[in-house]
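Subject: A structure for you to explore

Hello,

Here is the structure I promised to pass on to you. Have a look around first, and then read my notes below.

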Amino acid sequence: MGLMNKLAIFLCLSAILLSCVSAWTGEIHGRVVCDVCGDSSIGPEDHVLEGAEIAVLCITKSGEVLNYQAFTNEKGIYTVAETMPESNRWDVCLARPISSFHEHCTRHGDNHAGIKFTYNLPSGHSHSIRPFIYKPTSMPKYCM
């Protein structure tokens with residue numbers, strides 16, 4: 001058997017083995033909001049924060065630790081997504097705000113530094129996280 005035939009057989013077997021591995025896709029998303037009046041509720045006076053930084057740490061079923069960094073878009077939404085083998089999918093994740101990058105809304109609004117959750121969704125489904133809230137350094141007069 002020639003080298004080309006051996007190479008062709010190897011490539012065919014590799015393709016068959018790789019097709020047997022089940023892929024899994026996970027997605028995490030949420031929003032970041034400036035609570036302008038600091039009343040811990042999102043209302044018409046509040047606005048989303050574009051460019052806010054979020055860190056997401058996930059531990060896989062095999063024990064591997066994966067770190068992700070995300071930034072919010074113009075709608076204040078961030079997304080982290082990855083496709084991996086089903087056997088190595090996310091098990092537990094922690095999402096936490098890092099910085100708002102907004103000159104007037106820089107203080108973390110909630111008492112929790114992050115949100116820990118178990119990721120047990122099937123492939124292709126996403127996990128939504130409650131909004132992270134930032135508060136302004138000083139309240140506007142119309143809020144008092």
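A disulfide is a pair of cysteine sulfur atoms within 2.5 Å. With that cut-off, a search of the whole structure turns up two disulfides. Please keep in mind that this is a predicted model.

Let me start with the overall picture. The protein chain has one helix and 10 strands. If you follow the sequence from its start, the pattern is α-β-β-β-β-β-β-β-β-β-β. Of the 144 residues in the protein chain, 32% are buried. Among contacts with a separation of 6 or more, 67% are between residues 24 or more positions apart. The protein chain exposes about 8,700 Å², and 59% of that comes from carbon and sulfur atoms.

Now back to the disulfides. Which cysteine is joined to Cys34? The partner is Cys105, with an S to S distance of 2.1 Å. This link is right-handed, with 100° about the S-S bond. Cys34 belongs to strand β1 (residues 23-34) and Cys105 to strand β7 (residues 105-108), so the pair ties together parts that lie 71 residues apart in sequence. Both Cys34 and Cys105 are buried.

The other pair is Cys58 and Cys93, whose sulfur atoms are 2.1 Å apart. The torsion about their S-S bond is about 110°, so this disulfide is right-handed. Here too, distant parts of the chain are linked: Cys58 sits in strand β3 and Cys93 in strand β6 (residues 90-99), 35 residues apart.

Are these two cysteines buried or exposed? Cys58 has a relative accessible area of 0%, so it is buried. Cys93 counts as buried because its relative accessibility is 1%, and the cut-off for buried is under 20%.

Finally, a look at the surface. Leu57, Ile59, Val65 and Leu94 make a nonpolar surface patch of about 280 Å². One of them, Leu57, lies in strand β3, which spans residues 53-60. Why does Leu57 count as partly exposed? Its relative accessibility is 31%, and partly exposed covers the range between buried, under 20%, and exposed, over 50%. Strand β3 therefore holds both the partly exposed Leu57 and the buried Cys58.

A good way to begin is to find Cys58 and Cys93 in the viewer and trace the link between their sulfur atoms. After that, look for the patch that includes Leu57 and Leu94.

Enjoy exploring!

Best wishes

Terms used. Residues numbered from 1 in each chain as written. Predicted model: local features only at pLDDT ≥ 70, side-chain atom pairs only at ≥ 80, totals over all residues. Heavy atoms only, no water. Patch = residues over 30% accessible without salt bridge, like charges linked within 9 Å, V, L, I, M, F, W, Y side chains within 5 Å. Areas by Shrake-Rupley, 256 points an atom, 1.4 Å probe, with all protein chains shown as cover. Salt bridge = Lys/Arg side-chain N within 4 Å of Asp/Glu carboxyl O. Helix = DSSP H or I, 4+ residues; strand = E, 2+ residues; numbered from the N terminus. Buried < 20%, exposed > 50% of the residue type's maximum accessible area, 1.4 Å probe, protein only. Contact = heavy atoms within 4.5 Å.
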